[in-house]
Amino acid sequence: MGKGRQTDPQQVASAYEFRPGDLLADRATDEPRTAPGDRADTEAATRDLLEELATMQERLYAEGVGGGQRSLLLLLQGMDTSGKDGSVRRVVGSMNPAGVRITSFKKPTDEELSHDFLWRIDRALPPAGHVGVFNRSQYEDVLVVRVHDLVPESEWSTRYERINEFERRIVDAGTHLVKVMLHISKAEQKERLAERLEDPTKYWKYNAGDLHERTFWDSYQAAYQDALSRCTTDSAPWYVVPGDRKWYRDWVLANLLVDALRDMSPTYPPPDFDVAEQRRLVAALD
């Protein structure tokens, strides 16, 4: 760890878990209350956590190679510019890519629209031993679909329980689910949009359509409130992570993943060969 105080990942996770009755409007977007110190201390502590994360992920991957059936799925949601891509790059990027599956869910294709809304989600679930990352997810079908009236309320309003049933099924099948909303303020979003226009290397990230989406800010906040409230469960709780400070966002996210893997406690599989005999054979090599 850095020079700051020690912090337990389980305590960090508990601090940001969204519970029934909680209000999104009460959640701060810029409150580094679990940080182990100042920014430098927190970034140092995050690096230590990411080393543990990489080690734990290797154990999960090895467990899968050995026949284990468990996996870990990180689900990221958030308003435009909330840091979903940055979180993948800076936190998930610390793990071995051989054992990571990242899926970014865009506007559904014609084929996807011809199926149930969970069809494409089910197809993207991580294999045994892998860490899966969903950049946006099944919750788009109770967020953007709701905000823009893409389907009738009579349809999207039934999806919360269907999502809960789906998540119960995959958790029961061995997938540990970590659902994260990256929570940023409207002022921070404006600043990030402006930054993209000041840096030619970020022009490609700028989408003029984000300005139109911003006019629906309040509607999105209401949709998120319902999604969080109706789909946080004992087996698949939501975590609302303050996103205004990127270094603190990374710290909390690293804690959530380490806490999940500690809870899973993956193990290396036993060898399927005689270790002593193989040592003898290797020692006898020319």
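This is a short tour of one central strand and several aromatic contacts in a predicted model. Local features need pLDDT of at least 70 and side-chain atom pairs 80 or more, while totals for chains, interfaces and linings use all residues. Residues are numbered from 1 along each chain as its sequence is written, and side-chain values use heavy atoms, without hydrogens and water.

Select residues 71-78, strand β2 (strands are DSSP E runs of at least two residues, helices H or I runs of at least four, numbered from the N terminus). 8 of its 8 residues are buried, so the rest of the structure largely encloses β2 (buried is under 20% relative accessible area with a 1.4 Å probe, protein chains only). Ser 71, Leu 73, Leu 75 and Gln 77 point one way, and Leu 72, Leu 74, Leu 76 and Gly 78 the other.

Add β5, residues 175-183, which runs parallel to β2 and is joined to it by 8 bridges (pairing takes at least two DSSP bridges). Leu 75 faces Lys 179 there. Then add β4, residues 131-135, also parallel to β2, with 5 bridges; Val 131 is the partner of Leu 72.

Next, show Phe 105 and Phe 134, an edge-to-face pair with centres 5.0 Å apart and planes at 90° (ring centres within 6.5 Å, planes over 60 degrees apart). Phe 134 belongs to β4, and Phe 105 to the loop between β3 and α4. Both are buried.

Move to Tyr 16, which forms one aromatic cluster with Trp 247 and Tyr 248. The charged end of Arg 33 sits over the Tyr 16 ring, 4.9 Å from its centre (CZ of Arg or NZ of Lys within 6 Å of the centre and 35 degrees of the normal). Finish at Arg 159, whose charged end is placed likewise over Phe 117, at 4.6 Å.

Notes: Buried means under 20% relative accessible area, exposed over 50%, partly exposed in between (1.4 Å probe, protein chains only). Rings of Phe, Tyr and Trp (its six-membered ring) pair if their centres lie within 6.5 Å; planes under 30 degrees apart count as stacked, over 60 as edge-to-face and the rest as tilted.
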